[in-house]
Amino acid sequence: MMKRCIVFDLDGTLIDSRLDLAAAVNFMRQSFQLTPLPADRVVRFVGNGISTLVRRAVADSSVEFPEALRRMRKFYADHLVDSTALYPGVSAGLAELAKAGCFLAVFTNKPEPAARRILELLQIAPHFQAVIGGDGAFPLKPEPDALHHLRQLAGTAPEETLMVGDHYTDLEAARRAGIPAVYAAYGFGDPQQEPYVFKAESFAGLVDWLKPERPMEAKIENREPGSEAARN
């Protein structure tokens with residue numbers, strides 16, 4: 001069986017964290033006597049790391065950013081999974097991929113301690129051989145450095161490696177790393193114009209497309225309409 005490395009984004013790909021992120025942002029805002037923001041607006045701020053999220057969330061005010069970030073971090077750390085849940089099919093799908101011998105990893109712009117704790121609380125941490133967060137040794141997505149590192153850990157070639165995510169930062173990181181990407185269309189991110197080789201409407205659909213007996217090279221040739229090959 002071909003050795004394969006699959007790297008997953010977290011928010012909007014493995015977990016639906018919208019309500020908890022919105023709650024943390026609005027707790028922080030209300031602590032400064034600012035009016036709360038609609039959840040869908042907060043969701044549009046997600047994807048580029050917690051610092052950018054907080055900057056966007058207080059852009060309409062004169063509050064001090066470091067204190068806003070501190071309050072947001074503290075509240076969120078205590079409320080990671082109040083409403084956050086796995087997307088349907090994630091637990092069983094990860095177990096199937098791990099059993100098939102895939103090297104599974106998480107690369108998220110969320111702070112790594114929070115990411116690891118969420119994986120533990122939602123009982124999927126044992127499936128992952130590596131977790132890289134947004135406050136460690138590697139730059140945030142869309143920088144590709146962490147993907148190069150994970151591929152080296154897995155011992156896989158670019159065509160044997162895959163990035164799965166719902167946001168343009170995930171897809172761009174994959175493009176810049178020279179590996180194929182899957183767009184998790186069931187999530188809440190924005191792919192913009194980034195290429196991808198498959199549009200997953202559900203996690204179960206992704207796992208079916210990733211069946212171990214199907215060579216990755218064959219998948220890459222069958223590009224989706226949103227892929228770069230289809231645009232050229």
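Me: What makes both faces of strand β7 (residues 181-184) count as covered?

Reply: Happy to go through it, bearing in mind that this is a predicted model. A181 and Y183 lie on one side, V182 and A184 on the other, and all of them are buried. Buried requires a relative accessible area under 20%. In a regular strand, side chains alternate between the two faces of the sheet.

Me: Why is strand β4 (residues 103-107) said to be largely enclosed?

Reply: Five of its five residues are buried, so the rest of the structure largely encloses β4. Both faces contribute here: F103, A105 and F107 on one side, L104 and V106 on the other.

Me: How do you know whether A23 is buried, partly exposed or exposed?

Reply: Its relative accessible area is 35%. Buried means under 20% and exposed means over 50%, so a value in between makes A23 partly exposed. The residue lies in helix α1 (residues 18-31). The C-alpha atom of A23 is 9.0 Å from that of P36, 13 residues apart along the chain.

Me: What is the order of the strands in the open sheet?

Reply: The six strands follow the order β5-β4-β1-β6-β7-β8, and their pairing is parallel.

Me: Why are β5 (130-132) and β8 (198-200) placed at the edges?

Reply: Each has a single partner strand, so one side of each is left without a neighbour in the sheet. From one strand to the next, the twist averages 20 degrees.

Me: How do you know that β1 and β4 pair?

Reply: Pairing needs at least two bridges, and four join these parallel strands, so the criterion is met. Within this pair, F8 stands opposite V106 in β4. On its other side, β1 (residues 5-8) is joined to β6 (residues 161-165) by four bridges, again in parallel. T161 in β6 is the bridge partner of C5.

Me: What makes β4 and β5 a pair?

Reply: They share three bridges in the parallel sense, where at least two are needed, so they qualify. F107 stands opposite I132 in β5. The chain gets from β4 to β5 through helix α6 (residues 112-121), in a right-handed β-α-β crossover.

Me: What makes the crossover from β6 to β7 a β-α-β one, and which hand does it have?

Reply: The chain passes through α8 on its way between the strands, and the crossover is right-handed. Right-handed means that, with the strands pointing away from the viewer, the path over the helix runs clockwise. The two strands, β6 and β7, are parallel and share three bridges. V182 in β7 is the bridge partner of V164. V182 also stands opposite F198 in β8, and β7 and β8 pair in the parallel sense over three bridges.

Me: How do you know where the centre of the largest pocket lies, in terms of its closest residues?

Reply: The pocket holds about 340 Å³ of space. Among its 27 lining residues, D11, V46, G47, N48 and G49 are the closest to the centre. Two or more lining residues come from each of α2 (39-44), α3 (50-57), α4 (65-77) and α8 (168-177). The largest share, three residues, belongs to α8.

Me: What kinds of residue make up the lining of the largest pocket?

Reply: The lining divides into ten nonpolar, nine polar and eight charged residues. Gly counts as polar, so G47 and G49 fall in the polar group. D11 is an Asp and therefore charged, while V46 is a Val and therefore nonpolar.

Terms used. Residues are numbered from 1 along each chain as its sequence is written. This is a predicted model: local features need pLDDT of at least 70, side-chain atom pairs count only at pLDDT 80 or more; totals for chains, interfaces and linings use all residues. Side-chain values use heavy atoms; hydrogens and water are left out. Buried means under 20% relative accessible area, exposed over 50%, partly exposed in between (1.4 Å probe, protein chains only). Axes are lines fitted to C-alpha atoms, for helices over the stretch in contact, and angles run from 0 to 180 degrees between N-to-C directions. On a 1 Å grid over the protein atoms alone, a cavity is a set of points where a 1.4 Å probe fits but cannot get out, and a pocket is an open set with protein on both sides within 12 Å along at least five of seven lines; lining residues have an atom within 4 Å of a point. Grid points are joined across faces, edges and corners, and a volume is the space filled by probe spheres set on the points.
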